[in-house]
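Visitor: Could you walk me through some of the packing here? I'd like to take it piece by piece, strands and helices alike.

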Number of protein chains: 2
Amino acid sequence: MTVETIESYVEGRWATGKGQAAKLANPTTEAEVATADTHGIDMGKALAFARETGGKALRALTFKDRAELLFKMSQVTHKAREELIETEVVNGGCTRSDAKFDVDGAIGTLAAYADLGKKLGDTRALADGEGLALGRSPRLWGQHVYSPKLGAAVFINAFNFPAWGFAEKAACALLAGMPVVSKPATATALTAYRMTKHLVEHAGLPAGAMSFIGGAPGDLLDHLDVQDVLAFTGSAATGHKLRTRSNVIERSIRLNVEADSLNAMVIGPDVEVGSEALSLFLREAAKDMTQKTGQKCTAVRRIFVPAALVDDVIAELGARLGAIKIGDPASNDTGMGPLATKAQLEEVKRGVALLEKDADRVFTSEGLAGASGYFHPIMLFRARDPKSAPHVHTHEVFGPVATIVPYSGDPEEAGALVGLGQGCLVSSIYSDDRAFIERATGAIAPWTGRVYIAGAKVAEHTMGPGTVLPLSVHGGPGRAGGGEELGGMRGVFHFMQRTALQGYRPIVEGIAGIKAAST
Amino acid sequence: MTVETIESYVEGRWATGKGQAAKLANPTTEAEVATADTHGIDMGKALAFARETGGKALRALTFKDRAELLFKMSQVTHKAREELIETEVVNGGCTRSDAKFDVDGAIGTLAAYADLGKKLGDTRALADGEGLALGRSPRLWGQHVYSPKLGAAVFINAFNFPAWGFAEKAACALLAGMPVVSKPATATALTAYRMTKHLVEHAGLPAGAMSFIGGAPGDLLDHLDVQDVLAFTGSAATGHKLRTRSNVIERSIRLNVEADSLNAMVIGPDVEVGSEALSLFLREAAKDMTQKTGQKCTAVRRIFVPAALVDDVIAELGARLGAIKIGDPASNDTGMGPLATKAQLEEVKRGVALLEKDADRVFTSEGLAGASGYFHPIMLFRARDPKSAPHVHTHEVFGPVATIVPYSGDPEEAGALVGLGQGCLVSSIYSDDRAFIERATGAIAPWTGRVYIAGAKVAEHTMGPGTVLPLSVHGGPGRAGGGEELGGMRGVFHFMQRTALQGYRPIVEGIAGIKAAST
């Protein structure tokens, strides 16, 4: 197999670096599959071109025009779907099902934002809320409006979703009217690179609307300025570094962070062995723990189970997890592939050692002794003391590992336990007891960006808590980074400046247009 | 005159410090008027009491209940109005008119949020936007909701608006259901202290809903945790310090910053000598520059004037400014008092020296030679080179000083010049040319939180660009801090967590309530 050279797309042309290239591996075989090098690429010029050429072109388009671009991007990605899936199997260690999850997520998100944008119509103005009289005179009118920010939208993306991770940020930024500079994680950048190639060649994007940094970012972030937006998905440690950058602080550069998250599943006290709710939980928990080999920011890390049900849950969930075949992700009968990189494998091993301090291991799947590749067994832990298990509540093990935490079945206790994670992206509730659900949701909501409520009534219709939907916000408070992406128009506003207009009513209404930004 | 001792209100009781007290002066006479000391006050316990006792009590109330509290706070402040105005004349160096501006701003903002809250009714749930089907089945429903954050809302306020600055933050936080810990600038804390005394005694606030730190904050900020919100108004330098705090970064503590701002006024090319628009501009510019002795975050610092009109504007504005009497703010015929502190006076002098590098001084009011007090003359500058005047565009002189910057009359040029300030709270446009207004607003909006459009049609109805209204957002991008306060419900959401609910439609709708949060 040839080793592919990943290029960058800057200033409207493809460029390769002239230094020491990073090597990208197939995590199943550890063979080299591609190289990435950005040395010598002028990141300042790349950003300036995006801002000046791309930004101007995008702002000249209406929302409907930009929506058409997104639709085209969705179509182009769909056309390249099979190639991208195969690439992700090779460069991500993903099963075909995992790779589809990523690629189809990208296609669907671009299409969803194309739909949203189309509804905004042939306008460039976006009103926020209703206008209103500011004083006693009906002449003096107030109206909030959104304008595209004048800089570039810079994305630092995680290794786990090279297609979807890009698409969810790009759909929002492009619809807002901001050009995109995308910097995927180098280790799995081959999928992102190939997707970008197709988009650049076939999606009809205006010059400068899309740039791609295929490898190290160099001094890219040093050039960020007041009108740029930085959107980051990845570790809390990297998020910390971005937040303390002097230009980010001094220029109040808008920064969206989506970082670590100790996501929770909560089983209600009404749930019994053999119930539809429990069967739904088992199906979704097993999938959520092992999809993408547990390398999902939304994957469950803590499972709160009423004490009386704990042994049954361990037995039944263990049986399901034990039936998942680990191996070559290219095989159709493989249920879980390797971790994406050697570094991730080391991190998961380190995390497991930390969990051992607070929890007993109650299930371990068969390993792949002697095989090459970054494989790790599926593991289930049981916390020894629910309230005093600091590693269980605060250390995210980014792999196929979760901990069962017994609790009393009290909804407020469940909320407090979820809160020990100090903020997460998603928590889910499995119950058919409406009073429990309402109280538990109230107790959990301040700690989480999304609450997924599962039970018998929706068992046939759900997609599991791990799936990020374009119309629901994705992000969470505290440890999860305090950011928000997606959520329909909510994610678009992140790339716009809100301004309060005050003045003579007909003039203000003329500027604001008549189109309100429905979320 | 007796020297008053400012106390703190923590853990539901009044407390005084046991260390070296800070001294508060009358900026007109330089006499000591009060002392403030917080040494020995346990800030950790103060915060914990607010969170646990105050937060719980406020969350148990409905929006309507909380609105009633705000209404009561407005009434209590109104009853103390005369005392607070007199206090601000003595401890702030404010004219009575300036003091009224602050105190009436507080009363009006509390009342406006009481009105808003009343409309939300007898509910604790707040829906964000419309619900919608998440997939093909109408059963699986998505709805965003807001919940009060579970921590305390901590305010670090500026010296210039001891009443209003507190009220605009407190109205939003309390309506959201968060307890308030208010830390005013020590130098002018006497007004804030007396207002707090009245509120604590007469507004019927639940225990823990309001705390007051009368002096240095000690280690207050070290105790901030993930569910707290920090709202800051003040210098960019202090904002910088808050942003780089390790707990703020590591716990993604929500932080709203409102900092320096080089606010602009733009005169359109249609404006002629003798026109109503010019007369409105002259009235508002003179007021804006000198109200509160120029110590307003919204005060104009840069005035963009079509080149042909510059000499006339300098002559006419200078004549108006020259007619303003500077002196003892307690006198009824005084138009402008001293700066609030000696440090502010030094800062203004330093700023003037910086402006001299880029601009010529074209007007200086008569000074008060030999008098005591922190007086500074009113000054008008004229930039030598509009585009290359770095101090004019980026150094905020927080006093009665502004710079006239000639420009071509082109609306996009005006936008670019406003943008050299790298983000501001408010910019205003004086013009009756609709095409100019629309283009200038479009060019300015991405750089500013509020655009105030003035012209003949609203000349009788405006309040000037410097007035912050509860229903329009107050904040700005970049140098202005990147934050947002007020703006109706927009400011309330800052103290709440947005959560996407996903589940069976009747259950989700039951949790979300039927009340949508209209902005």
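Guide: In this predicted model, strand E4 of chain A runs antiparallel to strand E5 (residues 32-36) of chain A, and 4 bridges join the two.

Visitor: Which residue is the bridge partner of A:Ala25 in E5(A)?

Guide: The partner of A:Ala25 is A:Glu32.

Visitor: And what sheet do these strands belong to, in what order?

Guide: They belong to an open sheet of 3 strands in chain A, ordered E1-E5-E4, with mixed pairing. Its edge strands, each pairing on one side only, are E1 (4-6) and E4 (22-25) of chain A, and the twist from one strand to the next averages 30 degrees. Helix H6 (residues 189-202) of chain A packs on this sheet, where it touches E1, E4 and E5 of chain A, and its direction makes about 75 degrees with that of E1(A).

Visitor: Switching to the other sheet, the one with 10 strands: what is the order there?

Guide: The order is E15(A)-E16(A)-E17(A)-E14(A)-E13(A)-E18(A)-E19(A)-E22(B)-E7(B)-E6(B), so written for an open sheet with mixed pairing that has strands from chain A and from chain B. Strand E15 (359-364) of chain A and strand E6 (126-133) of chain B are the edge strands, each pairing on one side only. Neighbouring strands are turned against each other by 20 degrees on average, direction ignored.

Visitor: How many bridges join E14(A) to E17(A)?

Guide: There are 5 bridges between strand E14 (residues 300-306) and strand E17 (residues 401-407) of chain A, which run parallel, and A:Phe304 stands opposite A:Val405 in E17(A).

Visitor: Which strands does helix H9 of chain A touch on that sheet?

Guide: Helix H9 (residues 276-290) of chain A touches strands E13, E14, E16, E17, E18 and E19 of chain A, and its direction makes about 165 degrees with that of E13(A). Helix H16 (residues 505-512) of chain B also packs on the sheet, touching E19 of chain A together with E6, E7 and E22 of chain B, and its direction makes about 155 degrees with that of E22(B).

Visitor: Now chain B: is strand E11 buried or exposed?

Guide: Of the 5 residues of E11 (residues 229-233) of chain B, 5 are buried, so the strand is largely enclosed by the rest of the structure. B:Val229, B:Ala231 and B:Thr233 point one way, while B:Leu230 and B:Phe232 point the other way.

Visitor: What does E11(B) pair with?

Guide: E11(B) pairs in the parallel sense with strand E8 (residues 153-156) of chain B over 4 bridges, and in the parallel sense with strand E12 (residues 254-258) of chain B over 5 bridges. B:Ala153 has B:Val229 as its bridge partner in E11(B), and B:Phe232 has B:Val257 as its bridge partner in E12(B).

Visitor: Last topic, helix pairs. At what angle do H4(B) and H5(B) pack?

Guide: Helix H4 (residues 96-120) and helix H5 (residues 164-176) of chain B pack at about 15 degrees, with their axes 8 Å apart, and they are therefore roughly parallel to each other. The crossing is right-handed, and the contact has 9 nonpolar, 4 polar and 2 charged residues.

Visitor: And how do H3(B) and H6(B) cross?

Guide: The axes of H3 (residues 81-92) and H6 (residues 189-202) of chain B come within 8 Å and cross at roughly 160 degrees, which makes H3(B) roughly antiparallel to H6(B). This crossing is right-handed. Among the contact residues are B:Glu83 and B:Leu84 of H3(B) and B:Arg194 and B:His198 of H6(B).

Key. Residues numbered from 1 in each chain as written. Chains lettered and ligands numbered in written order. Predicted model: local features only at pLDDT ≥ 70, side-chain atom pairs only at ≥ 80, totals over all residues. Heavy atoms only, no water. Axes fitted to C-alpha atoms, helices over the stretch in contact; angles between N-to-C directions. Parallel < 35°, antiparallel > 145°, perpendicular 65-115°, else oblique. Left-handed = near helix turned anticlockwise from the far one by under 90°. Nonpolar A, V, L, I, M, F, W, Y, C, P; charged D, E, K, R; others polar. Pairing = 2+ DSSP bridges. Contact = heavy atoms within 4.5 Å. Buried < 20%, exposed > 50% of the residue type's maximum accessible area, 1.4 Å probe, protein only.
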